[in-house]
Each structure stands twice: as C-alpha cells, then as structure tokens.
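Please look over the chain and its ligand before reading on. The report below is meant for a reader new to this structure.

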Amino acid sequence: MDESFATLIFKDDTLTLIDQRILPAEVSYVTCKTFEDVEFAIRDMIVRGAPAIGSAAAYGVYLAALQCPDDADFKKACKFLSLARPTAVNLGWAINRMLATYEHNIKQPRAELLNLLLAEADSIREEDIKTNKLMSRIGAAVVPQKATILTHCNTGALATAGWGTALGVIKTAFYDKKDIFVYADETRPRFQGARLTAWELMEAKIPSKLIPDSAAATLIRDGKIDLVLLGGDRVAANGDVANKLGTFALSVICKAYGIPFYSVVPVSTIDFSIPDGSAIPIEERDAEEVTHVQGVQVAPKGMDVYNPAFDVTPHQNLTGIITEKGIIYPPFKENIERLERGETL
Ligand code: MRU
C-alpha cells in the first residue's frame, strides 16, 4: 500500500513540499517558486533524506533555468543549490544529471530546453520511486519470516520521492505478511525517528515501538533485535557508509553481538569517486539543534556544541549494502567496482 501523502509534487512551475520540520504536529506544505526557495528548503530541512534532496534539487535546477536565461547565471544558481547540504551525494548527483541534459540540449530553442529539463527532473523523481520498490523487494529477502528490526533516522517515503529505502524494505516485508516488529530510534537531535519514522510506521500500521537512541545497545545485548536496516547518505568506493549520526555506534554494537547490519541505498548514493569514508564531507549543523528541544532551551546559555549531522560506518561493520541492482556483500571494494562496470552482483 502506497502512502497517503506526497513528499514532493511539481506542478505549474511550483515545487510543493510536505514540511518535515513540523511533522507530525502539523501536516502542512511549503511552496517553492524559485531556486532560492528550493535551496532554503533543503538547507533548513523542510525536505530531507538523501534521495528526496536529490529530487527536490532537480526541480531547483529546472527553476534556475527558468529564472536565468544567461548561461553563467544558471551555472552560478546550480553551484548555489549544490552547496545546500554537503553530505548526501544525491544532491550533486541529481544536479549533475540535470546539467548533462542542459549541456546536451543547449542548442535547442529555449522553450524546448526547459521542457527537456522538466522531463529530466520528473524522471529523477519517478525513477526514485521505482528504484525504492525494486530494492525493497530485493531487501525483503534478508528479513526472516519472524523478525524484530531496529532502524535509525527516517528512510521512508518522506526521505525519498516515495516508498522509501530501509523503511521500504520493512514495509515490503510487512505487506508480504511477515511477522515483524520494529524498534525506531528517536534520532537526536532532529528527531527524524520520533517525528517521521514513528508517523510513517503508524500510517502503515506496522507493530512498532519508539526508543531513546541509547536504548538500542541494551536491546541488542539482550538478543531482542534480529537485524538492523537503515539508509545511507554517501557510500564510498570501499563500502564505507556515511549516514545519520548514531549509525556508527549501532554498527559497533551489532558487530560485537553478531547482529546483521544492512544499509539500504539506491546506486545513486554510491560515490564511486571517493576511495573511503575519510573523504566524505560531514555536515556540522547549528548549535541550537542540540541546546534547544523544539524551541525550548535545555542547555545553559553560551555552552559550546559539536553537532555533526552524520557519521561514517566502516565497511567492516556492515553485513551488506542493499541496492536496486542487488545486495553488495564483502569484499565491498571489488563488488562495488563490479557494479560500476555494470556487471551483475
Ligand atoms: O539529515 P537528514 O534527515 O537528511 O538525514 C537523513 C538520513 O541520514 C537518512 O538515513 C538517509 O538520507 C537515507 S534516506 C533514504
């Protein structure tokens, strides 16, 4: 069953986004009519999750082309969009795909060029939904008939153009009538788990419980978790995965207790140009995300803060990386090279 809401809709030269900053307290929508609006929506996390950021940015490039008839201005706008958030590679991936369409059709009449750019942005969005369904079907194979699954952050329809990655696998297993139970980490400091994953799990009627992030270790030690499924924002060529802060710690605990640990990502999240996780740029966000909870100050005024939004899980801690082209198992570097050459996994 597909979700009852849309993460992003593009109509009449306007991008409409469900406002993920205030869900689930309010289900409201924000409209973006310019590339500057789209950049702000990505930076301020109105739209978030690597694949959803990519889709939104693609429409941002179309709006930039609409606003900027001059080539240099258009390229400047694309650069500006690409800097909205640094870690998720899908942002640059989608912008580069749009730029390739632009360069390829630069000699076309302007109206035709704009049509082609809009068609490419629509393709990026539609392909994402298809890709998610495909990798969910592939991933559901690793979910036992009866399983308790732990997940982190939000990897559902809200994090993508629709359906989801790791949460897509979970939904597919559930609709396949597997007897599953999900523990969702609240995912501090932005509470993507408490606000967004909990909302999506309840919408889908999947048996589940929300836990404070720090409760995961005890559940794993006590044998309450059969597997961990989560997303990824950038996968390096050796299989190291940058994902929401807290993923690395979970991976260490799972390794210690022999619990299967999978990252679920579209191939567009693999950055073949980055040899290992140490080269992945990690976004640091505002101190206020940590000193305040939903606008209420909880730390003393003036306290210094370190707030990385992501961390890197070394490939040695992963059981596998689930993609729409199949599951990448160790040796990750060799198998990612095979994937890049177009060989089947
Ligand atoms: O900061 P966010 O909310 O954009 O971070 C999102 C994540 O880390 C997700 O796990 C990741 O993008 C995968 S979503 C399919």
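The text covers confidence, then the ligand shell, then one sheet.

This is a predicted model, in which local features need pLDDT of at least 70 and side-chain atom pairs count only at pLDDT 80 or more, while totals for chains, interfaces and linings use all residues. Residues are numbered from 1 along each chain as its sequence is written. The protein chain has a mean pLDDT (the predictor's confidence in each residue, from 0 to 100) of 97, and 100% of its residues reach 70 or more. For the complex, the predictor gives an ipTM of 0.98 and a pTM of 0.97.

The ligand is surrounded by 17 residues, and the closest are Arg-48, Ala-50, Ala-159, Gly-231 and Lys-244. A residue is near a molecule if its C-beta atom, placed from the backbone, lies within 6 Å of it. Domain 1 (8-133) and domain 2 (138-340) both give residues to this shell, so the ligand lies between them. The domain bounds come from an automatic or database domain assignment.

An open sheet of seven strands runs in the order S6-S5-S4-S7-S10-S14-S15, with mixed pairing. Strands (E, at least two residues) are DSSP runs, numbered from the N terminus, and two of them pair if DSSP finds at least two bridges between them. Strands of this sheet with stated residue ranges are listed here.

| Strand | Residues | Place in the sheet |
|---|---|---|
| S6 | 208-211 | edge strand, pairs on one side only |
| S15 | 326-328 | edge strand, pairs on one side only |
| S10 | 261-264 | parallel to S14, three bridges |
| S14 | 320-323 | parallel to S10, three bridges |

Tyr-262 has Gly-320 in S14 as its bridge partner.

Definitions and conventions: Helices (H or I, at least four residues) and strands (E, at least two) are DSSP runs, numbered from the N terminus.
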